[in-house]
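Got your viewer open? Let's take a walk through this one together, a stop at a time.

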Amino acid sequence: MTIAAIAVALVIVAVVVAVLSRRRSGGALQAPASKALPGSAASLSPAGPSAAPAPGAAAPSRDASVAPAPRGAPPESLSSSLLVDDSVRSVPPAAVAPARDLTSLRKGLAATRSVFVARLTALFQQNKALDPGTFEQLEEIMLAGDVGPKTTQAILLRLRESLGRAELRDPAAIGVALRAEARRILSVPGGGGIRLTAKPTVVLMVGVNGVGKTTTIGKLATRYGASSKKVVLAAGDTFRAAAVQQLEVWGKRVGAEVVRGKEGADPGAVAFDATSRAKEVGADLLFVDTAGRLHTKAPLMDEIKKVRKTIAKALDGAPHETLLVLDATTGQNGLQQATLFREALDLTGVVLTKLDGTAKGGVVLAICDELRIPVRYVGLGERAEDLREFHPDEFVEALFGAGEGSIAAAS
């Protein structure tokens with residue numbers, strides 16, 4: 001056999017092997033169209049002779065061998081576990097409600113829970129009915145927790161009116177009624193966090209010395225700065241150099257511009273300049289710090305009124321929020337402060353600081369019941385995140401809910 005003949009024979013053998021290998025590979029990969037997944041080997045592999053397009057038809061694309069399944073009707077080959085995963089992925093993030101962090105809130109209220117709530121729980125465990133003697137003890141506990149005489153009497157009266165004779169002998173029913181009454185008192189309209197109703201939204205912070213106004217401003221600036229809001233701070237406490245320095249430290253920490261004046265400058269002038277600056281730079285929020293006002297001194301209260309009017313001259317409708325900062329450890333004295341500040345200013349809310357350091361958390365009930373001013377934030381620690389928006393349902397659950405020394409335990 002000549003060399004040419006041998007070469008021809010080898011070429012023929014190679015062609016036959018290639019054809020057989022192609023047919024074997026095509027048969028293994030080809031799958032029914034109804035069972036193939038887009039992007040799988042079946043949809044990307046070459047089709048056999050029967051899959052050739054009709055004459056004159058457009059050539060199919062690489063993914064055209066399988067039509068995409070309609071939404072809500074995935075291919076039959078998907079397992080049930082994958083179907084569940086797909087439905088979860090289809091839910092937008094906003095539709096998933098965030099879990100409530102009651103643990104840290106309950107921890108911050110530990111002092112009040114360990115005394116006020118623990119005494120209530122012990123009372124309901126020892127007495128299976130609310131007789132006159134038990135009502136007297138209940139009144140004593142509530143007064144010791146700084147709920148206040150007026151609010152205490154209102155709560156006891158509503159308990160008597162809302163509970164029947166049988167329920168007055170049921171500790172569980174008493175606990176449920178007490179929690180419902182607390183929730184009703186705390187649900188004052190206008191609560192929740194600061195609402196950005198203008199640009200800039202101007203927030204005037206007022207209160208006596210030592211309650212934590214400047215620190216509260218710093219924590220709020222941290223919160224909104226982390227939400228990509230542009231914040232400006234006004235150092236309106238011009239009588240204390242330490243207050244200005246403290247605000248500047250917060251400003252550097254959160255990246256907020258601080259507008260200040262000379263020591264002893266007119267607070268109204270600083271507030272006016274800060275409002276104008278906030279408008280100029282397109283700030284979202286302006287927090288105005290003020291000097292501590294003795295609520296019993298009329299001239300000092302008149303001065304803060306002037307600051308408020310000056311801000312209104314710089315920006316129509318401002319200030320949009322006037323928040324009173326109270327120290328929770330002062331108890332009923334804080335209620336007196338709130339009463340006089342409300343008479344002088346149009347308060348839109350209360351910030352209750354240092355609530356983690358007192359067993360007299362019942363003052364929250366007194367403020368909301370007697371003054372009808374919503375508590376907007378509560379301070380439960382030193383960190384910026386320890387300043388929490390106040391929500392009545394969460395507060396009642398954390399204060400009276402399940403856990404060590406809880407009203408629920410009485411049932």
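Below is a short tour, going from the whole chain to a cavity, a helix pair and a few backbone oddities.

**The whole thing.** Bear in mind that this is a predicted model. Show it as a cartoon to begin with: the protein has 15 helices and eight strands. Now switch on the surface. Of the 411 residues, 41% count as buried. If you look at contacts between residues at least 6 apart in sequence, 74% of them join residues at least 24 apart.

**The cavity.** How many cavities of 30 Å³ or more does the count come to? The answer is one, and about 60 Å³ of space lies in it. To find the place, select F116, L120, M142, I155, L178, A182, L365 and F400, which line the cavity. Colour them by class and you'll get a single colour: the lining has eight nonpolar residues, no polar ones and no charged ones. Two helices, α5 (110–126) and α8 (171–186), each supply at least two residues of this lining.

**A helix pair.** Stay with α5 and add α6 (residues 132–144) to your selection. Which way do these two helices run relative to each other, parallel or antiparallel? Their axes are 9 Å apart and meet at an angle of about 170°. Angles over 145 degrees count as roughly antiparallel, so that is the label for α5 and α6. Next, show the side chains where they touch. From α5, pick F116, R119, L120, L123 and F124; from α6, pick T134, Q137, L138, E140, I141, M142 and A144. By class, this contact has eight nonpolar, two polar and two charged residues. You've met some of these names already: F116, L120 and M142 are also among the residues lining the cavity.

**Just past α6.** Move on to G148, in the loop between α6 and α7 (149–162). Is G148 buried or exposed? G148 has a relative accessible area of 3%, and under 20% counts as buried, so G148 is buried. Beyond its neighbours within four places in sequence, G148 is in contact with M142, L143 and Q332. Try drawing a distance from G148 to V364, too: they are 216 residues apart in sequence, yet their C-alpha atoms are 9.9 Å apart in space.

**Two cis peptide bonds.** Most peptide bonds are trans, so the next two stops deserve a zoom. Go to K199 and P200, which are joined by a cis peptide bond with omega at about 0°. P200 sits in the loop between α8 and β1 (201–206). Then jump to A318 and P319, where the peptide bond is again cis, with omega near -5°. Look for P319 in the loop between α12 (298–314) and β5 (321–327).

**Two positive phi angles.** Most residues other than glycine have a negative phi. Select S228, in the loop between α9 (213–226) and β2 (231–234). S228 is not a glycine, but its phi is positive, at about 65°. With a relative accessible area of 67%, S228 is exposed. Last stop: R372, in the loop between α14 (363–371) and β7 (375–379). Here phi is near 55°, another positive value in a residue other than glycine. R372 has a relative accessible area of 42%, which makes it partly exposed.

Note on methods: Residues numbered from 1 in each chain as written. Predicted model: local features only at pLDDT ≥ 70, side-chain atom pairs only at ≥ 80, totals over all residues. Heavy atoms only, no water. 1 Å grid on protein atoms, 1.4 Å probe; cavity = no way out; pocket = protein on both sides within 12 Å on 5 of 7 lines; lining within 4 Å. Points joined across faces, edges and corners; volume = space filled by probe spheres on them. Helix = DSSP H or I, 4+ residues; strand = E, 2+ residues; numbered from the N terminus. Nonpolar A, V, L, I, M, F, W, Y, C, P; charged D, E, K, R; others polar. Axes fitted to C-alpha atoms, helices over the stretch in contact; angles between N-to-C directions. Parallel < 35°, antiparallel > 145°, perpendicular 65-115°, else oblique. Contact = heavy atoms within 4.5 Å. Buried < 20%, exposed > 50% of the residue type's maximum accessible area, 1.4 Å probe, protein only.
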